[in-house]
Every structure is written in structure tokens, then in C-alpha cells.
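Let's take a walk through this one together, from the outside in and back out again. Have the sequence and the 3D view open as you read.

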Amino acid sequence: MITAVLKFEISNKFSEWEQAFYSHQPTARAAGIFELFHGHEPGNEHQVCVVVHALSEQHMEKFMEANSAAIAASGHILESTNSQIYVN
């Protein structure tokens, strides 16, 4: 099991991104990815942080690749993503 800290930019309002994020949670949970936290920087709702548990880094990368269109449609600027992985 890993914990991943993902920091990235969004192109829309945080509330709009968050709605899309919530709507995709059943798909993520079914894939073994569980959200622990999400939020934005104080004073900058375009800089987002998401913390998740996943089975492995490869498992998470596979999920992100398979769902990249939906993730991008949420407002997530994919090329801005910075990931830090921690092993439990």
C-alpha cells in the first residue's frame, strides 16, 4: 500500500473541480484508490492537493492513464501534476 500526495493546478473554480472529483470517487474506489484529503492553497483555489491511498504506484499510474480524459475534463491540468509517493 502507498500514500500519494498529488499537487496540481486546475483551470476552473475549485468548487467546479471538486464536483467532478466527487463524481469520480466510486470509480476510483472500485480501482482500489481511496481519497484521504483534498483541498486548495489558501488564497489560490487553482493550486490543489489530493492525498490518496493506493495498492501501488503502478496501480495508481494505470488508473490515471485509463481515466486521463475524465481527469482532464474536471479542470485538472495533467502536465502540472507533481507526485510524491510514500510506502506504508
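Which residues form a nonpolar patch on the surface? Keep in mind as you look that this is a predicted model. The patch is made by Met 1, Phe 34 and Leu 55, and together they have about 290 Å² of accessible area. Take Phe 34 as your way in: this residue belongs to strand E2, which covers residues 34-41. Its relative accessible area is 38%, so Phe 34 counts as partly exposed, because buried would need a value under 20% and exposed one over 50%.

Now go inside. In soluble globular proteins, nonpolar side chains tend to be buried together. Here, the largest nonpolar core has 16 residues, and those touching the most other members are Phe 8, Trp 17, Ile 33, Val 48, Val 50 and Met 60. Several elements chip in: at least two residues of this core come from each of strand E1 (2-9), helix H1 (14-23), strand E3 (44-54) and helix H3 (57-66).

Phe 8 is a handy residue to click on. Setting aside its neighbours within four places in sequence, Phe 8 has contacts with Trp 17, Val 48 and Val 50, and also with His 46, Gln 47, His 76, Ser 80 and Thr 81.

From Phe 8, move on to the rings. Phe 8 is part of one aromatic cluster with Phe 14, Trp 17, Phe 21 and Tyr 22. How many aromatic pairs does the structure hold? There are 4. One of them joins Phe 14 and Trp 17: the ring centres are 5.5 Å apart and the planes sit at 35 degrees, so this pair is tilted. Both residues are in helix H1, 3 residues apart, which is about one turn of the helix. Are these two buried or exposed? Phe 14 has 10% relative accessibility, so this residue counts as buried, and Trp 17 is buried too, at 2%.

Trp 17 also pairs with Phe 21. Here the ring centres are 4.8 Å apart and the planes are at 25 degrees, so this pair is stacked, as the angle is under 30 degrees. Trp 17 and Phe 21 are 4 residues apart in helix H1, so about one helical turn separates them. Phe 21 is buried as well, with a relative accessible area of 13%.

Next, jump to strand E3, where you'll find Cys 49. With a relative accessible area of 17%, Cys 49 is buried. Who does Cys 49 contact, leaving aside its neighbours within four places in sequence? The list runs Val 5, Leu 6, Lys 7, Phe 37, His 38 and Gly 39. Glu 61, by contrast, is 12 residues from Cys 49 in sequence, and their C-alpha atoms are 17 Å apart.

Finish in the loop between helix H4 (68-73) and strand E4 (82-87), which holds Ile 77. At 24% relative accessibility, Ile 77 counts as partly exposed. Not counting residues up to four places away in sequence, Ile 77 touches Glu 9, Ile 10 and Ser 11. Try a distance check here too: Ile 77 and Lys 7 are 70 residues apart along the chain, and 10 Å separates their C-alpha atoms.

Note on methods. Residues are numbered from 1 along each chain as its sequence is written. This is a predicted model: local features need pLDDT of at least 70, side-chain atom pairs count only at pLDDT 80 or more; totals for chains, interfaces and linings use all residues. Side-chain values use heavy atoms; hydrogens and water are left out. Patches are made of residues with over 30% relative accessible area and no salt bridge: like charges are joined within 9 Å, nonpolar side chains (Val, Leu, Ile, Met, Phe, Trp, Tyr) within 5 Å. Accessible areas come from the Shrake-Rupley method with a 1.4 Å probe; for residues, only the protein chains shown count as cover. A salt bridge is a side-chain nitrogen of Lys or Arg within 4 Å of a carboxyl oxygen of Asp or Glu. Buried means under 20% relative accessible area, exposed over 50%, partly exposed in between (1.4 Å probe, protein chains only). A nonpolar core is a set of buried Ala, Val, Leu, Ile, Met, Phe, Trp, Tyr and Cys residues joined through side-chain atoms within 4.5 Å. Contact means heavy atoms within 4.5 Å. Rings of Phe, Tyr and Trp (its six-membered ring) pair if their centres lie within 6.5 Å; planes under 30 degrees apart count as stacked, over 60 as edge-to-face and the rest as tilted.
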